[in-house]
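Reader: I'm new to this one, so could you walk me through it slowly?
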Amino acid sequence: MRGLHPRHVLRRPLRPQAHANDPECGQRPVPALSHHGSQRVVLLQTATLLGVLLLGYGYFWLLVPDPEGRLQQLGLFCSVFTISMYLSPLADLAKVIQTKSTQCLSYPLTIATLLTSASWCLYGFQLRDPYIMVSNFPGIVTSFIRFWLFWKYPQEQDRNYRLLQT
């Protein structure tokens, strides 16, 4: 199985006359496939978020005995996460304005965010549930901000491709 480990599989000779014993002409990892460091960061972030979720679960079920209080705190907890989800695309706002390009923004995702958050706001309004309305309202606002950015900085077509003649 040792031969199947990425450290051994992802090696290729630099040129046909390369020798494995010669350090100058030896084998080196393929640069495009050497990304294990970024995988470790993503795994650590995922484990941290899972830990926060488990701590929240333990807090709500073990330390808050009153069911009504538990429901109120859980609503607040979920609202904070929903608001942060809707505000996360604005992290690219400075990059969009600096480069005057909306290449890093997704237009279909913006439409989906607007439709989803507006639907949830209307549903929360019908139920008179502030946790649903307030937590989804930022999705509407951020969608309109992104629509404004798409209008101000329209996406350019990739110039590496020629238009097909019909």
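Author: What follows goes from the overall layout to one helix and then to a patch on the surface, and please keep in mind that the model is predicted.

Reader: Okay, how many helices and strands are there in the protein?
Author: The protein has 6 helices and 2 strands, and along the sequence they come in the pattern α-β-β-α-α-α-α-α.

Reader: And how much of it counts as buried?
Author: Of its 166 residues, 19% count as buried, while the protein exposes about 13300 Å², with 66% of that supplied by carbon and sulfur atoms.

Reader: Let's look at H6, then: which residues does it cover, and how far does it reach?
Author: Helix H6 takes in residues 130-152, which is 23 residues, and from its first C-alpha to its last it reaches 33 Å, close to the 33 Å expected at 1.5 Å a residue.

Reader: What caps its N-terminal end?
Author: That is Asp129, which has a side-chain oxygen 3.0 Å from the backbone nitrogen of Tyr131.

Reader: What do the buried residues of H6 pack against?
Author: They pack against helix H3 (67-87), helix H4 (93-99) and helix H5 (107-127); the buried residues of H6 include Ile132, Pro138, Ile140, Arg146, Leu149 and Phe150.

Reader: Switching to the surface, which residues make the nonpolar patch?
Author: Tyr57, Tyr59, Trp61, Leu62 and Leu63 make a nonpolar surface patch of about 640 Å².

Reader: Where is Tyr57, and is it buried or exposed?
Author: Tyr57 sits in helix H2, which spans residues 36-63, and it counts as exposed because its relative accessible area is 54%, where the cut-off for exposed is over 50%.

Methods
Residues numbered from 1 in each chain as written. Predicted model: local features only at pLDDT ≥ 70, side-chain atom pairs only at ≥ 80, totals over all residues. Heavy atoms only, no water. Patch = residues over 30% accessible without salt bridge, like charges linked within 9 Å, V, L, I, M, F, W, Y side chains within 5 Å. Areas by Shrake-Rupley, 256 points an atom, 1.4 Å probe, with all protein chains shown as cover. Salt bridge = Lys/Arg side-chain N within 4 Å of Asp/Glu carboxyl O. Helix = DSSP H or I, 4+ residues; strand = E, 2+ residues; numbered from the N terminus. Buried < 20%, exposed > 50% of the residue type's maximum accessible area, 1.4 Å probe, protein only. Expected span 1.5 Å × (residues − 1). Contact = heavy atoms within 4.5 Å. Polar contact = N/O pair within 3.5 Å; in protein donor to acceptor, adjacent residues only side chain to side chain.
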